[in-house]
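Okay, thanks for coming, everyone. I'll keep this short and go through one model with you.

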Amino acid sequence: MLTSGNSFRLLTKAEKNKIRLSFNFPKETLAMAENKFETNNAKETENKKRMFLKLAGVVGLSAFATLIVPKKAEALVFGSTPASNVVGVKDSANLRINPAEKSQLPTALTALGNLKVAISEGSLSVGNVGIKKIDGSQINPASEEGLAAVGVSVNDQGLWMLRKITSLLKPLGMVTGAGSNRLSVDVNSGAITASIAATQTLGTVTTVGTVSSMTNLVNIGNVNGFSMVKDSARNAYANSIRSKISF
Amino acid sequence: MALTNNLKKIVDLPIFELCNQAPTATSAVSGTTTTDASDGRYIYYLVGALFYRYDCQADMWQQLASPNITPATAVALKYTTYNGYRGNILAGSASGATIGGMGGYRLAGQRIRITNGTGIGQERTILSVQTTGDTLDMGLATTASANLLTDTTKRWEINQFIGYQVRLVYGTGASQVRRILHNDSNTLYFYDPNYQQLDPWNNTPFSAIAPYAAPVATAGLQANFYIEGQTIVVDSPWTVQPDDSSSFCILGGGVWLASAFATAPFMSWQYYDVLSDAWITKTAIGGLLTAALGTDFSIERTGEVGTPFVSSTATSAGARTLTDTVQTMTDNFYVNYELRITGGTGIGQKQRIVSNSATRFEVAKPWDIIPSTDSTYVVYGNTDIVYLVGNGASTMYQYHVENDYWTISEAIDDGQCRNMSVAYPAQEAFAMTSGVRNTGGITALNATPTAGGTGYAIGDLFNITTGGTVGKGRVEAISAGGVVTVVSLYSSGLTYTTGASKATTIISGSGNNGLTVNITSVGTVGRITVASNCNLYNADPVTIKGCTDAAWNTTYNILAIDSLTTFDIIITAAGNAAATASQTTSIIVDATKTWTIDEHVGKIVTLSIAGQAPTTQQRRITANTATTLTMATIVAGANGTSRYCISNPEAFGRAEQWEQFDKRNVGFATGGSSTTLVDSTKNWYVNQWAGYKFRVYAGTGVGAEVTITSNTATTLTYTAPGFTVDTTTKYIIMDSFGLATAVTNTTNATITDSTKNWKVNQWAGRRLRITAGTGIGQEIAITSNTATVITCTGVFTTAPDTTSCYTIFSIPARSTGIQINWIYNNTGYRGRWLFSTRGGGTNVNDAFIINESLWTYTALLNPQTETVNTGTMTAYDGANKMYLQKDATGRIFQVDVNTISVDGAFQLTDLHGAAVLGNRMEIMNTTDGLKYLYIMQHTGTKMWRALIF
C-alpha cells in the first residue's frame, strides 16, 4: 500500500525494463510511461503518480488474478490467448484499452475518464472490473464467495476432508462443566480377535495359545520347514535303523 | 562284507524317511513303476504329461521326455526290464556289428540280444560304441514332418539306408535321433502305419512334444540331418555272426503306459525306451473297447525275472512239441508260460506253452526250426504279454509285445491280410498286389556304357529308349565333365533286345542324353508290385507265396528295384501271378501261413485296420484252410494293410459251471477211441455234459470242436470227429462260453445257447461279454438264467445276434482302487498268480491263475475286514510279501502271498492329501539285500521310504 506521494520512487530505464520483463506489459504502456518521464519537472511528480496508479492498478489486479485464477483462465481474463505473452486491460464492454488513447486520468476524480474509474457516493469502486471463471462467466461475489463455488479446478479436497473429519468427530465431542469442548474416547476392555490375511506378515507375537493345525510350514527362521522335518526323519533313521545295519 | 542286520522286532520300530519332493504333485493321472525285480536305480513317475524319474541313489528327481499322447483320467505304468532299444543289424563282424546305435557311449555296458534273423538268440555285452558314428550322408530338408524328411537334391538308391539312423543336428527338431524305416530316391521315412504289424519296433516318428519338435522345411528352420551308423564291439565273438537279416534288442528297459482317450480307440498305449529317452506310440485296444477307458485300471507284465522255472536240454521235439524225459512236471503247470530255446538247434525261438505233461511241452504254433537233442531250453514268464484289468468291467485284456496287438483271450496266431506275399528272410512278408510276366525284360545291363555322354551326376536316372519300353538305368560313377563310366539296371522293362549303343533319355539331372548303354541279356521278368512300402533292397533274396502257379512260389533275388512298391525278378512262370485266394467279406487270406485244415474252427479272429488306433471286427471262425479263415460276413480286409489275430473263444476269467475238481470241464484224456474221450481223473455226473461241445486245446485233435452226445463219470461220447484222442489230447468243455443260438433285446435282453444245461440262476449277478460277432465288446450284468437262457439286466446298445459269441465271467466288475501284481518268485506256486485288489470299497483280493486263465475269486485275505477303494496302492517285494496301502489312510499291510495272511507293515504318521487313482508305491531292493518301501503322497509332492525288516 502507498503511504504517501513520497513513497514513489523514480525508475531508471533499466529498472523499467525489469518491470516490463517481470510483468510483460504491452509496449504501448511502457512507451507511455517513458514519454511521461521526459516531461517538465513541474508535472513530473504528478505524472509519475498517475502513471504509478495506472501501473499499480494493473499490476495489482494481475497479481491477484494470477493467484486465484487457473492459468488458462488468466489469459482469458486479460484479453489475450493462452499462448500469448501480451497482457492487456479490457473495459466493461470487453474491449481492449488502448493506453495511447486512454492514458490520461481526469484531473478531478469525480469526472469519469476513459479509464472508467468511477467514484461514487464517496467510495472508490472499480465497477466493471471482475474475475471470470473458466467458462468466461464473471464470478458473483454475492453467491460465489467460496473457492469451492468457483469450480472444480479450485476445489480444495483438504477442506472437504477437514469438514468430514469434523463431522466424524462430532459424536465424540462433549462440553465440560467449565464449558470447554473436548473429545471423549472409550477404552475397549474386551478381547481383540486378530484376523490375518494370507499374504500379511505378523510381527512379534508374545504368546500363541493352541494352533489347531498348520497346513504348510514353509520356513522357520529362514530354514525350509520341509527340510527340517526331512532332516529330523533322517536323523531318526540314522540313529534307530542305520546304526544297526552293517555291511 | 556280508550284511549284518541287528534290528530287532518290537525293539526297533519302522521309521519313514522323507525323500526329496517330487517336482509335480500327484494326481489321479499319475503313477510310478520300477524294474521287474525292483533292483534298479530309478523309480519312474508320470503325472499328466510330465514324466520324471526319482534317483534312489541321489535322492533327486530328473525330468524325462513327455509321452506322445497326453494321458487322461487315470494311468497305469509298468517297467519292463527285458525290453529296450531295438533295431536291425546293418552289418555283422566277428565280435561286433554296425547298428543305428544313437552314438556316444550310452549303449556301452548294455546287453544286446539278437532277436531275429541270423544269429538269433545270442546275447552279449557291448564293450564299446563308436562315439560319433560314420556319417554316410547329410542333407537339408526340403520337405519334413514327424514321419519323413525329403531332400530333393538327393539321388539315393531305393532303401539304401534302411536301419541306419538320422540325427537332426540343427534346425527345428534338432537333437532327435530316429532309425530309417525305408527310403526312396530323396526321402527318408520313419513311420508307416502298415509297419505296426510288419516291424513295430522300428516304426517311430520324430517327437513333436517339447522340448523336442517335429522337423520342418521352413527356410531358416529347416532340419539339417546326418545319416549315421555306429560300430559296436561285444565282449566275446559271436557264435553265429549276425548279418543284415538280424534284429537286435539292447536290454535297456522300458516303461509301458496305459491311459484313457476320449474318442476311439478310447485308450492310449505307449512305450518309453529308456536308452533313447523316446516314447513310441503302440497300437491301442481299439474295437475291443466301446467307450473310453475309465473308472480305474492297472497293468502287469510277466517275464524272465528271477531264475527260470525250468532249465534243461531237450531229449526230443516235434512240430509243436519239446520233450525232456528227465522232468517230472505237474500237468499243465506251465501253460501260458514261455518256452525258449537258448542254445543248439532252434536257438532264439520262444513260444507260449499251451500244455505240458510230466515230460512234454506243447506250444501254440509250429516251430520255425524244430529243436533237437542239442537244444537247451528254459521256461520263463511270458515276456510277450502285458495284462490290463479294471475299466469298471470284468474283462481282462492282454497285449502282445512282439507283434503289437490286443486280445481278451489266449492268442494263437496273427498276421497281415496277404493274398500273395513276398518276404525277405526272417522278416514279416509284404503283401503282393500283382506279379506281371514281361518278356524281353533286361536281365543284365553292362556296367560300362557304350558312350558316356556329358553332364551327368551319380544317381541320375535314365530311360533306355531303344528297342523296348520302360527299362531304366542309374548312373553309378562318372569322370570329369560328367561322363558316365558305370551304370546299373534300375528297371527291367520289356521287349528289349541285347546289344550296345542303346539310346537313353535322362529322367533327372542335367545329362546331355549322350549316354548310350549296352544290354547284355534279356529274358522273362516278373514285375512285382507290393501293397505297401517295402524295405527291400536291390539284390535282396525274397520268397513269394500264395500264387496259383507254383512256378511263382519260390525264392528270387531282386533284379532291379525302382520304387518302394515295385521291383523286378527273373521268373520262369508262364503267366502273370494270380492269388490262390483273395480277401472277401467272409474270408481272410494270409498266404504266408500253413495252418492245419480247420484247426481254428470255433476260435475268434479279430480283423483290424492298419495303424495305432484301429477299428476292429471280431468273428467266430467257421472253417480254415492252410492260408484262409472263413467266418460270418465282415467288411473285407484290405490286402497288405489290414491285420488279424486268432485267439481262443473263451475270454480270460471265464466262469466255471462245476468247480469241484473231479467235475471240472478241463483235463487231459487218459484214453479213448474215435468216438470217446476218457479222463479217469473225473467223476462227472452222468450226462452232465450231454449236448455241450468240447474243444481240443492241444495234442491229438488240436483245434477240433466236438459235440458231446452223452457222458458217464469218466467218458465223453460223441460222433466221430475224425481223430482218435490220446494222452496228449487236452480238452475243455464249453460250459460258460459259446455261440448264441437266439437273442432278444427288449427290456431285459436274453441270450440263448441251446447247447447248455446250466443250473437255474447259477449265473445271476455275474457278467457276460459279447466276444465276437454282432455287438462285440459289450459287457452286461446277468439277472437270472434257466438251463439254456440268460436274462440280462437291461438291454445291449447293439443287439447281438446268432453270430455273437459270449463268455460268462466269474469275477464282478473291477472298480476304483484296483491294482495287479505278478507274484513271480514266491515259495509256493511260483509265478502262477496275478494278485489283484477288487476295489470299489470291497474287501476282496482276487487272484488270476495264469496257467488256467481263471480267476480265483474267493482267495480270502485273513483277516479281511479292511476294504479298499480309490487311493489303494500295492507293491510286490519279489519274494513272499505283497504290500497294500489302504485308500489314503497311510496304513500299509503286509500280505503273505503263500498263506494270504495279512499283518501290519507300516503306518505313515505324516498325512496324505485327497485320495487319487493310481499306484505310486514301490519296493526297491539294494544289492546288499535290503528292501525299502517307497510311497508317494496322495495329492502332494512328498515321498517317503522305510526299510522293511
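I'll take a sheet, then the cavities, then the salt bridges.

Quick housekeeping: this is a predicted model, so local features need pLDDT of at least 70 and side-chain atom pairs count only at pLDDT 80 or more, while totals for chains, interfaces and linings use all residues. Residues are numbered from 1 along each chain as its sequence is written, chains are lettered from A and ligands numbered from 1 in the order in which they are written, and side-chain values use heavy atoms, with hydrogens and water left out.

So, the sheet. In chain B, 6 strands make an open, antiparallel sheet, and the order is 36-53-50-51-52-49. Strands here are DSSP runs of E, at least two residues, numbered from the N terminus, and two of them pair if DSSP finds at least two bridges between them. Which strands stand at the edges? Strand 36 (411–416) and strand 49 (587–589) of chain B do, and each has a single partner strand, so one side of each has no neighbour in the sheet. On average, neighbouring strands are turned by 35° against each other, direction ignored; the axes are lines fitted to C-alpha atoms, with angles running from 0 to 180 degrees between N-to-C directions.

Further in, strand 50 (604–608) and strand 53 (643–647) of chain B run antiparallel and are joined by 5 bridges. One pair to look for is B:Val605, whose bridge partner in strand 53 is B:Ile646. Back on strand 36 of chain B you'll find B:Gly415, which is buried at 1% relative accessibility. Buried means under 20% relative accessible area, exposed over 50%, and partly exposed in between, with a 1.4 Å probe and protein chains only.

Next, the cavities. There are 8 of 30 Å³ or more, and the largest has a volume of about 320 Å³. A cavity is a set of points on a 1 Å grid over the protein atoms alone where a 1.4 Å probe fits but cannot get out, and lining residues have an atom within 4 Å of a point. The volume is the space filled by probe spheres set on those points, which are joined across faces, edges and corners. The largest cavity is lined by 30 residues, and the closest to its centre are B:Lys78, B:Arg301, B:Asn821, B:Asn919 and B:Glu922. Strand 25 of chain B gives the most to that lining, with 5 residues.

Last, the salt bridges: 42 over all chains, each a side-chain nitrogen of Lys or Arg within 4 Å of a carboxyl oxygen of Asp or Glu. B:Arg340 pairs with B:Glu338, with the closest N and O atoms 2.8 Å apart. B:Arg340 is buried at 9% relative accessible area, and B:Glu338 is buried at 2%. Both belong to a salt-bridge network with B:Arg111, B:Arg113, B:Glu123 and B:Glu304.

Then B:Asp590 and B:Arg418 meet at 3.0 Å, N to O. B:Asp590 is in the loop between strand 49 and strand 50 of chain B, B:Arg418 in the loop between strand 36 and strand 37 (420–423) of chain B, and they are 172 residues apart. Both are buried.

And what about B:Arg891 and B:Glu866, how far apart, N to O? That salt bridge comes in at 2.5 Å. B:Arg891 is partly exposed at 25% relative accessible area, and B:Glu866 is partly exposed at 33%.

Methods
Helix = DSSP H or I, 4+ residues; strand = E, 2+ residues; numbered from the N terminus. 1 Å grid on protein atoms, 1.4 Å probe; cavity = no way out; pocket = protein on both sides within 12 Å on 5 of 7 lines; lining within 4 Å.
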